[in-house]
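I opened this entry to look up a pocket lining and a helix pair. My notes follow in the order I checked them.

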Amino acid sequence: QQFSSFDPLVLQEREYLKILVSKLAQLRPDIVLVEKTVSRLAQDFMHDAGLTLVLNMKPAVMEYVSRCTGSEILTAVEQLNLDPVLGTCESFYLRQFETTNWRGRGPGRDKRKTLMYFDGCPASLGCTVCLHGPDAGELTKVKDVLLFMAYVLYSQRFEVGFLVD
């Protein structure tokens, strides 16, 4: 029987993660958004480096943030060597809302919803409208009207450009 020690492997992993986090820290981001999760050891290294880490981001939300801030989405850690483009905004903050009868949580249950705000991005790249109210049915109607108006304005921009040419 042969026994091998895991200590060299653990030390090797630790050094590899430390190198990756130092490469990331050299880019000097304030916030790092990740689609799924990051190992606890890497989280600790990022915390020590002063980086804010946001976990479990939906890919569609990451694409939206990327478009609005002008950042590049990295799909592999090896892309850190290629001088990725970092996005910018004037301010970033979190805000919690308390809701009642949140869908999918059962009747009568309260829930806190935390939203991230990226303020100061160029308005031409997009925006977010946060609807708040007591009746979900009314909010759904308002949302439908807003989506339709956005579609109308988008179409109008193209029609004006077509008529000018």
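I looked up which elements line the second largest pocket, working on a predicted model. Five elements each supply at least two residues of that lining: the helices α1 (7–26), α2 (40–48) and α3 (59–69), and the strands β1 (31–33) and β3 (91–100). The largest share comes from α3, which gives six residues.

I then noted the volume of this second largest pocket, about 1,300 Å³. Its lining counts 43 residues, and the closest to the pocket centre are Leu24, Ile31, Val32, Leu33 and Val34.

I sorted the lining of the second largest pocket by class. I got 27 nonpolar residues, nine polar ones and seven charged ones.

Next I turned to the helix pair α1 and α2. How do their axes cross? The two axes come within 9 Å, at a crossing angle of roughly 40°. I therefore entered α1 as oblique to α2. For the hand of the crossing, I wrote down that α1 passes α2 in a right-handed one.

I listed the residues that make this contact. From α1 they are Arg14, Leu17, Lys18, Val21 and Leu24. From α2 they are Leu41, Ala42, Phe45 and Met46. By class, the contact of α1 with α2 has seven nonpolar and two charged residues, with no polar ones.

One residue turned up in both lookups. Leu24 is among the residues closest to the centre of the second largest pocket, and Leu24 of α1 also takes part in the contact with α2.

Conventions. Residues numbered from 1 in each chain as written. Predicted model: local features only at pLDDT ≥ 70, side-chain atom pairs only at ≥ 80, totals over all residues. Heavy atoms only, no water. 1 Å grid on protein atoms, 1.4 Å probe; cavity = no way out; pocket = protein on both sides within 12 Å on 5 of 7 lines; lining within 4 Å. Points joined across faces, edges and corners; volume = space filled by probe spheres on them. Helix = DSSP H or I, 4+ residues; strand = E, 2+ residues; numbered from the N terminus. Nonpolar A, V, L, I, M, F, W, Y, C, P; charged D, E, K, R; others polar. Axes fitted to C-alpha atoms, helices over the stretch in contact; angles between N-to-C directions. Parallel < 35°, antiparallel > 145°, perpendicular 65-115°, else oblique. Left-handed = near helix turned anticlockwise from the far one by under 90°. Contact = heavy atoms within 4.5 Å.
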